[in-house]
Every structure is written in C-alpha cells, then in structure tokens.
Amino acid sequence: MKRLFGLLKKDALVAFRNYFFLIMLIAAFLLIIAADFLIPEKASMDAKVLYTTEGQQSDKAKLLLGMLESEEGAKRADSKAQIIDSMKKDKNTIGIVVRQQNGEPAVEILLQGYENEKSKRALALSFGAALNPQNVDYSSIEDVVLQQSTGINDIPLNKSFVPLMIFVEPVMLGFIFLATLIFMEKEEGTIKAYLVSPIRIGEYLISKVVVMLLLALISTILITSFTVGLQVNWLLLLLTVAAGSIFGSTLAMFIASLFDSLSKAMVWLIVTSLVLTVPMAAYFVPSFSPRAVTIMPTYNLLFAIREAIFPSGSSMIIYQNIGGLLAMSIILYGASTLIYKRSLLRD
Amino acid sequence: MRRLLSIFRRDVKSSVREFLLLYIILAPIVVTIGLRFFIPSVNAISLQFALDKGMEEAAVQEFEKYGRTELLDGRTALENRVNKVDDIIGVLQKEDGGYVVITQGNEKESAKLMAYQILSGMKSQGAERAVTFSDIGAKISSVAVYGASSVILMAILLGGMVIGLNIIEEKEDMTISALSVTPMRRLEFIAGKSIVGFVLPVIEVLAVIWILGLRDVNVGMVLVMTLSSSIIAVIFGFLMGVLSSNQITGIANMKFLLIFVSASYIGAAVLPADKHIFLYWSPLYWSSIGLIRVIANTITWAQIVQYTVWIIALTGLVFLLFKGKIQKGLT
C-alpha cells in the first residue's frame with residue numbers, strides 16, 4: 001500500500017507538471033460556459049416543417065392547417081418555391097403543400113431525397129389520418145404507460161448536453177493522458193528500473209489509472225455543479241464516472257501496450273476514442289439503436305450518466321453499466337499487465 | 001528548393017520507417033470506411049416496435065411496413081424491452097381482438113400516435129392515397145455531411161500533428177541544433193517541415209470523397225478549404241513542436257488544441273446561427289463551417305473566398321503572436 005501511495009504521488013506530480021490538471025480545468029471551464037451561456041435552453045432537434053397552401057382550402061384542409069400551425073417547429077411559407085429554397089439551405093427541413101384535388105384536400109410532402117420508404121409510409125399514414133379523422137378509431141386500443149413521469153423530455157436543451165460533456169471530457173480524459181504517462185517512462189527507461197525494485201507492474205499501472213480517475217472526478221464535480229447544480233445523485237454519478245474513467249484508462253493502457261512509441265499509439269487512440277463516441281448519435285435520437293451501437297460499452301455509459309444526473313426511475317442501467325465496465329476493465333488490466341511484463345522481460 | 005524537398009523527404013522517410021505515416025493515412029480512411037457503413041443505418045432511422053409473438057400475422061406485417069420490429073414472447077418480455085433506454089413501442093393483442101400499446105413514458109408522442117394510427121389504419125386503409133411525395137434531389141444526408149466534414153478536419157489536424165511530433169523528435173535527438181550550423185535557412189526548414197501538413201490532408205480528403213461516394217461535391221472547393229485549413233494545422237503543429245519539451249507535453253498541448261477544435265466544430269454544427277458570433281475568433285470555426293457547407297453543397301465561391309480570408313487572417317494573427325516563440329524554439 002505504501003508503495004502504491006508513493007507511485008500515486010509521483011504520477012500526480014508528473015501529471016501536474018505536464019499541465020494535465022490545468023488542461024482539465026480549462027476544458028471544464030469552457031464546457032460550463034457553453035452549457036450556461038451558449039447552448040439555448042429551448043430548441044428542437046427534430047426536423048423543421050415548412051408548409052404552404054395552393055388555391056382555396058376546404059374545411060377538412062383547414063383542420064389539417066390548424067394542426068400544423070399548433071405544431072412546434074412548423075412554420076408557414078409563402079410558396080412551394082420558398083420551401084424548396086429553405087430546404088436546400090437546411091437539410092433538416094421538410095416541406096408540405098396542401099391543395100385541393102378533385103374536390104378533396106391533398107397533401108404533397110417535399111423531402112430531401114435520401115429518406116427511407118418506411119419513414120415515407122409513416123408520414124403518409126399520419127397525414128392520411130389527419131385528412132380523414134372520421135376513419136380514425138382508437139376505441140379498441142388500451143394505453144399502458146410503464147412510468148407515468150420520467151421527466152426526460154422536460155430537461156432544457158443546454159442541461160441535456162451535460163451528460164454528453166461529462167462523457168467526452170472527464171470520462172475520456174484518461175484515454176489520451178494515460179498513454180503519454182506510460183510512454184514517457186518507457187522512453188526514459190524508468191519502467192525497467194521497476195523490474196529490479198519491489199514495485200509490481202500491476203501497481204505501476206494502477207497508480208496511473210487512479211490519477212486519471214482523480215482528474216475525471218474533479219472535472220465531473222465542477223461541470224455538474226456549475227451547470228445542473230447540486231441536486232443530483234452524487235454517489236451514483238461519481239460511481240458511474242469512476243467506472244467509465246477506469247474503463248477508458250485500462251483500454252488506453254491496453255492499446256498503448258501494443259505499440260512501441262507514443263506517436264504510433266496516439267493515432268489509434270484517437271480513432272478508438274472517435275469510435276467510442278458513436279453512441280452519442282443515439283443520445284438525441286433514441287430510436288437509433290442498431291446492434292453495432294448498443295453493444296458498445298459507451299452506449300449504456302452515456303445513458304447511465306444521464307440517469308444519475310436526471311433520475312427517471314431506471315437506475316438499473318447504472319448498476320448494469322458499472323458492473324459491465326468494471327468487468328471489462330479487469331480483463332483489459334490483466335491483459336495489459338501480461339503484455340508489459342512480457343515486453344519488459346524481452347527487452 | 002532542393003533543401004526544402006530534402007527536409008520533406010527526410011520527414012516522410014522517418015515517418016514511414018516508424019509506420020507513423022501509414023497509421024496517420026490509415027486512421028481517417030478506417031474511420032471513413034466505418035462511416036460508409038454507418039450512414040445507411042442512420043439514414044434508415046425509423047420507428048421501432050416490440051410486438052408480441054401471439055399477434056396476427058397481418059398485424060405484424062402491417063407494423064413492418066412502418067418501422068423495425070422485434071417479436072417477443074409475452075407481456076413481461078415486451079415491458080422489459082420497452083423499459084430499455086432506446087425508444088421502442090410495445091404492442092400486444094388481447095384475446096377480444098383489441099390491442100394494448102405499451103410505452104415507457106419518455107417516448108415522443110408522435111411515435112406512440114403512429115402505433116395507434118397503424119392499428120386503426122388496418123381497418124380503414126386508403127386514406128394515405130391523398131398524400132404524394134416529391135424531393136429536391138439531395139443525395140447527401142446531414143449525417144454524411146457532418147461525418148465527412150469531421151473526418152476531413154481530423155485528417156487536416158493529423159497532418160499538423162505529424163509536424164509537431166517530428167519537431168519534438170528533432171529536439172529530443174538534438175538534430176535541430178545540428179541544422180543551425182548548415183547552410184539551411186530557418187525559413188527553408190519551416191517550409192520543408194510544412195509540406196507534409198499540406199500534402200497529407202489533400203491525399204486524405206480525396207480518399208474520403210471517393211470512399212463516401214460524394215460525387216456531387218465540388219472537389220475544387222473542398223481542396224481550397226482543405227489547403228486553407230491546413231495552414232492552421234501547420235501553425236498549430238509548429239506551436240505544439242516548439243512549446244513541448246517532450247512527447248508528453250506535446251500530447252498535453254495537443255489535447256488542449258483538441259478542445260478548441262471540438263468547440264469550434266460542435267459550435268458550428270449545433271449552435272443556432274445567432275450564437276455563431278461567439279466563435280468568429282476561432283479560425284477552426286471558419287474551417288468547420290466552410291467544410292460543412294462545401295460537403296452540403298450550400299456554398300458559393302464568394303463565400304469560400306470570405307472564409308479563406310478569415311482563416312488566413314486569424315491564423316496570421318496567431319502566427320504573429322507566437323512568431324518569437326516559434327523562432328526561438330527552432331534554434
């Protein structure tokens with residue numbers, strides 16, 4: 001234990017001297033500014049809808065127009081040409097033209113061109129139902145809501161970015177920094193000195209993981225306190241971030257163990273970190289959940305961080321995530337220790 | 001010119017010997033290939049329904065027309081599935097022929113309504129005939145636009161990273177000091193080192209466009225934005241090299257730079273237009289917005305010139321601020 005504390009002290013000092021703490025503080029400060037002042041509280045991430053009418057409108061069509069007017073994110077345009085012009089500028093926009101055809105209202109939906117058939121059918125069904133409300137019959141359908149109020153949809157947009165910020169900065173922080181610490185000692189030869197000292201390679205690696213964990217926890221506390229406030233489940237949040245940080249650090253440690261120089265490892269560390277951030281796409285579009293994304297450990301991690309900050313009653317995901325990440329971390333740690341031991345003996 | 005090219009050749013040789021160049025070329029290409037497979041699945045985002053195995057075949061087929069379906073055994077299995085983090089609507093058929101729609105409570109109201117409309121539409125089909133579709137012929141989705149532009153930005157920055165790491169290596173090997181007693185001038189050294197920062201991104205960008213099949217993109221515009229953005233990467237590469245005494249500090253400085261890159265890119269992509277003014281100071285913002293708009297085909301040559309002027313002016317300012325440090329660091 002004394003040996004580990006000695007190593008910890010040394011690694012913390014190296015991290016401090018190489019500005020890791022300063023960079024962590026600046027990154028946290030910039031994220032706080034972005035969440036509190038730059039990202040708006042209210043803005044829709046959904047597609048924008050522009051609609052217009054052509055010719056005289058029947059009562060049925062007026063009903064549909066009334067629905068569109070009350071829809072958030074829908075705006076009336078002067079003409080179809082104006083809609084097309086706006087759609088060319090903003091790819092997240094679709095258009096609707098309501099006109100009379102053979103005495104009946106008809107709807108033309110203007111799309112960008114890359115939308116899939118299922119989405120088109122769903123749009124057609126919705127507008128068909130809106131144009132013919134007399135055909136709609138929900139009487140034989142029973143509605144079951146498993147959790148009456150999850151509150152997830154009421155989170156202001158800027159606050160909903162906080163779990164993402166914690167994911168990309170504190171959690172992934174160790175990913176780049178840990179490898180640099182290891183390679184520095186590799187190049188300076190100090191790692192070989194440990195071979196003839198009572199320090200075990202496992203302790204040497206754990207010490208670095210703990211320093212990264214410390215940085216991650218400080219960063220999480222700062223970002224969360226100054227954006228969301230103090231009313232979060234701190235225990236679960238810090239445990240989740242800790243599991244994420246340990247996983248990130250051990251994965252970086254494993255990747256670093258496969259290369260002989262920092263520059264070579266760095267390219268693959270950057271690529272891996274980019275791949276691990278793919279589940280961020282599912283965060284704002286929850287219906288996007290292909291198997292390739294949901295099996296990534298960072299998928300559950302992202303939602304577990306959200307659950308710890310904005311509890312919705314699904315705390316099971318936090319425990320599953322912590323258990324899963326720690327199990328993977330143990331495997332990665334074991335593999336890295338073996339590789340380092342072998343490479344040190346070989347050298 | 002000969003001396004200049006010999007520095008470039010030396011850098012390339014050294015990077016090839018250590019496989020670094022290969023990795024740096026390979027990294028954005030690997031990400032692009034991943035993106036190529038990822039884009040169709042994002043473009044195909046549709047509704048998700050968890051259906052009970054006991055439902056009538058016709059009903060299951062009807063749901064398959066509108067979204068992705070999963071068949072599960074019994075109500076408990078459906079509820080467990082609905083309770084997972086993604087948005088999925090559970091549907092169960094009752095013994096009397098009616099249906100139960102199960103939601104978690106945080107799904108979009110439109111998704112739940114769709115399940116109702118599908119069930120109701122099975123009885124009264126034909127209403128959707130009043131709806132027709134047309135499109136404006138856009139071939140590139142938002143995902144492709146942001147994916148391609150971010151990979152291009154990554155390729156540009158990796159070029160700068162090579163310069164930075166090469167300079168640190170030269171400093172550690174003391175070859176910089178040795179060069180000061182040769183006829184080579186400092187400007188030639190800087191120019192020679194910079195070539196890799198321009199050549200690499202151009203090769204990468206052409207590869208990215210080809211892999212993603214972005215045939216409608218104006219290659220000339222992309223190359224102008226790439227080359228002007230490479231100026232930033234080259235300057236940052238030199239700064240990373242001269243400000244870092246070893247690779248550790250180099251990576252710490254790179255991490256610091258990545259914060260500004262991410263802030264500029266995410267800001268350009270996510271922030272509402274009226275908030276973009278807060279990012280005007282960052283040359284990387286102009287690169288990001290320029291690359292996004294070039295890939296999306298929503299930019300004119302006049303705007304390309306405007307963005308390039310911003311990039312050059314702001315990068316020039318950064319260079320002037322750190323000129324002394326760069327000169328001192330290269331001696």
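**View 1. Helix 3 of chain A sits across four strands of its own chain.** In this predicted model, helix 3 of chain A covers residues 59–70 and lies across strand 1, strand 2, strand 3 and strand 4 of chain A. Of these, strand 3 takes in residues 93–101 and strand 4 residues 104–111. If you follow the helix along strand 3 of chain A, the two run at about 165° to one another.

**View 2. Strands from both chains make up an open sheet of five.** Read across, the order is 2(A)-1(A)-3(A)-4(A)-5(B), and the pairing is mixed. The edges are taken by strand 2 of chain A (74–76) and strand 5 of chain B (131–135); each has a single partner strand, so one side of each goes without a neighbour in the sheet. Going from one strand to the next, the twist averages 25°.

**View 3. Strand 1 of chain A pairs with strand 2 and with strand 3 of chain A.** Strand 1 spans residues 48–54, and three bridges tie it to strand 2, with the two running parallel. Zoom in and you can pick out the partners: A:L50 is bridged to A:K75 in strand 2, while A:Y51 has A:R76 as its bridge partner there. Strand 1 is also joined to strand 3 of chain A, again in parallel, through seven bridges. A:Y51 turns up here too, with A:I96 of strand 3 as its bridge partner.

**View 4. The sheet crosses from chain A into chain B at strand 4 of chain A.** Strand 4 of chain A and strand 5 of chain B run parallel and are joined by five bridges. A handy landmark is A:I109, which stands opposite B:F133 in strand 5 of chain B.

**View 5. Another open sheet of five strands takes one strand from chain A and the rest from chain B.** Its order reads 5(A)-4(B)-3(B)-1(B)-2(B), with mixed pairing. Strand 5 of chain A and strand 2 of chain B (67–72) are the edge strands, and each pairs on one side only. The twist here averages 25° from one strand to the next. Where the chains join, strand 5 of chain A pairs with strand 4 of chain B (residues 99–103) in the parallel sense, over five bridges. Look for A:E142, which stands opposite B:V100 in strand 4 of chain B.

**View 6. Helix 3 and helix 4 of chain B pack against strands of chain B.** Helix 3 of chain B, residues 57–64, lies across strand 1 (47–52), strand 2 and strand 3 (89–93) of chain B. Its direction is about 145° to that of strand 2 of chain B. Helix 4 of chain B, residues 74–82, packs on the sheet and touches strand 1, strand 2, strand 3 and strand 4 of chain B. Against strand 3 of chain B, the direction of helix 4 makes about 170°.

**View 7. The side of chain A that touches chain B draws on several helices and strands.** Altogether, 86 residues of chain A are in contact with 78 residues of chain B. Among the elements giving at least two residues each are helix 2 (20–38), helix 4 (80–89), strand 5 (141–145) and helix 11 (262–276) of chain A. Helix 5 of chain A brings the largest share, at twelve residues. Sorted by class, this side of chain A has 51 nonpolar, 23 polar and twelve charged residues.

**View 8. Helix 7 and helix 10 of chain A cross at roughly 35°.** Helix 7 covers residues 162–188 and helix 10 residues 234–257, and their axes come within 8 Å. The crossing is right-handed. Helix 7 residues in the contact include A:G174, A:F175 and A:L178, and on the helix 10 side you'll find A:G244, A:G248 and A:A252, among others. By class, the contact has 13 nonpolar, five polar and no charged residues.

**View 9. Helix 9 and helix 12 of chain B pack at about 15°.** These are residues 219–243 and 301–329, with the axes 9 Å apart. An angle under 35 degrees counts as roughly parallel, and therefore helix 9 and helix 12 of chain B are roughly parallel to each other. Helix 9 passes helix 12 in a left-handed crossing. Among the residues that meet are B:M221, B:I232 and B:F238 in helix 9, and B:I304, B:F319 and B:K325 in helix 12. The contact has 17 nonpolar, five polar and one charged residues.

Notes. Residues are numbered from 1 along each chain as its sequence is written. Chains are lettered from A and ligands numbered from 1 in the order in which they are written. This is a predicted model: local features need pLDDT of at least 70, side-chain atom pairs count only at pLDDT 80 or more; totals for chains, interfaces and linings use all residues. Axes are lines fitted to C-alpha atoms, for helices over the stretch in contact, and angles run from 0 to 180 degrees between N-to-C directions. A crossing is left-handed if the near helix is turned anticlockwise from the far one by less than a right angle, and right-handed if clockwise. Ala, Val, Leu, Ile, Met, Phe, Trp, Tyr, Cys and Pro count as nonpolar, Asp, Glu, Lys and Arg as charged, and the others, Gly among them, as polar. Two strands pair if DSSP finds at least two bridges between them. Angles under 35 degrees count as roughly parallel, over 145 as roughly antiparallel, 65 to 115 as roughly perpendicular and the rest as oblique.
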